[in-house]
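Below is a brief report on one protein fold. It covers the sheet, a helix with the loop after it, and the main pocket.

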Amino acid sequence: MRVLPEVRVRVEAWLNPSEDASKVLRAMRNVLGGGVEAVERAEGNLLVLEAEDARSLAVVREQARRRRVMAVLRRLLLENRTGDRTHVYLNRQAAYVGRISFVESDEESTLGPIVLRLESEDLDSLIEWLVPEEEALRR
């Protein structure tokens, strides 16, 4: 059995005045999936969910595989990498209905994206587990 790398996962989204916080939180929770312990809080108008378990990325991993966008996810994780941290932007309307949809920049999502931030001392292994290079090349 493979040992998963340690990771700090942070899901965040700005709450716009026209939005219902419970709906934004639902979209954010859909990114992490059920059964994962996450700390939920607000930093002003920024809603935050934090987890410290690679299994919290299972929904992202499975949907990227099933929807055949592993190459996109891998490219975004590598392009946005700085040291032991990386991030990707997700469409919040898609996340609300349980679908993971990556966006290239924070301007692509009308209400602003959900940001999935990852931090790990072994980020290479984490990215390889999340989106294996060999599998990303095939999809």
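A42 stands opposite L47 in β3. This is a predicted model, and local features are read only where pLDDT is at least 70. A second contact of β3 is the bridge between E43 and L46. Strand β2 covers residues 39-43, and five bridges join it to β3. The two strands run antiparallel.

The turn of this hairpin is short on residues: two lie between β2 and β3. One feature there is G44, which takes a positive phi near 70°.

On to the next partner of β3. Six bridges join β1 to β3, again antiparallel. W14 stands opposite L46 in β3. L46 is thus named twice, facing W14 and bridging to E43.

How many of the six residues of β3 are buried? Five are, so β3 is largely enclosed by the rest of the structure. Buried here means under 20% relative accessible area.

**The whole sheet**

Six strands form an open sheet with antiparallel pairing. Their order is β2-β3-β1-β6-β4-β5. Which strands sit at the edges? They are β2 and β5 (102-103), and each pairs on one side only. At the β5 end, two bridges join β4 to β5, which run antiparallel. Y89 has V103 as its bridge partner in β5. Strands of a sheet pair through backbone hydrogen bonds, either parallel or antiparallel.

The bridge counts for three strand pairs are set out here.

| Strand pair | Bridges | Direction |
|---|---|---|
| β1 and β3 | six bridges | antiparallel |
| β2 and β3 | five bridges | antiparallel |
| β4 and β5 | two bridges | antiparallel |

**Helix α2 and the loop after it**

Helix α2 spans residues 58-66. V60, Q63, A64 and R65 are buried in this helix. R68 follows just after α2, in the loop that leads to α3 (70-79). Is R68 buried or exposed? R68 is exposed, with a relative accessible area of 58%; the cut-off for exposed is over 50%.

The backbone of R68 also deserves a look. R68 has a positive phi of about 60°, although it is not a glycine. Most residues other than glycine have a negative phi.

**Rings and charges**

How many aromatic pairs does the model have? The count comes to zero. A ring does meet a charge, though. The charged end of R26 sits over the ring of Y96, 4.2 Å from its centre.

**The largest pocket**

The largest pocket has a volume of about 270 Å³. Its lining consists of 15 residues, and the closest to the pocket centre are R8, R10, R117, L118 and E119. Which elements give two or more residues to this lining? They are β1 (8-14), β3 (46-51), β4 (85-90) and β6 (114-119). By class, the lining has seven charged, four polar and four nonpolar residues.

The sheet and the pocket therefore share elements: β1, β3, β4 and β6 each contribute to the lining, and these strands belong to the six-stranded sheet.

Methods:
Residues are numbered from 1 along each chain as its sequence is written. This is a predicted model: local features need pLDDT of at least 70, side-chain atom pairs count only at pLDDT 80 or more; totals for chains, interfaces and linings use all residues. Side-chain values use heavy atoms; hydrogens and water are left out. On a 1 Å grid over the protein atoms alone, a cavity is a set of points where a 1.4 Å probe fits but cannot get out, and a pocket is an open set with protein on both sides within 12 Å along at least five of seven lines; lining residues have an atom within 4 Å of a point. Grid points are joined across faces, edges and corners, and a volume is the space filled by probe spheres set on the points. Helices (H or I, at least four residues) and strands (E, at least two) are DSSP runs, numbered from the N terminus. Ala, Val, Leu, Ile, Met, Phe, Trp, Tyr, Cys and Pro count as nonpolar, Asp, Glu, Lys and Arg as charged, and the others, Gly among them, as polar. Rings of Phe, Tyr and Trp (its six-membered ring) pair if their centres lie within 6.5 Å; planes under 30 degrees apart count as stacked, over 60 as edge-to-face and the rest as tilted. A charge sits over a ring if NZ of Lys or CZ of Arg is within 6 Å of the ring centre and within 35 degrees of the ring normal. Buried means under 20% relative accessible area, exposed over 50%, partly exposed in between (1.4 Å probe, protein chains only). Two strands pair if DSSP finds at least two bridges between them.
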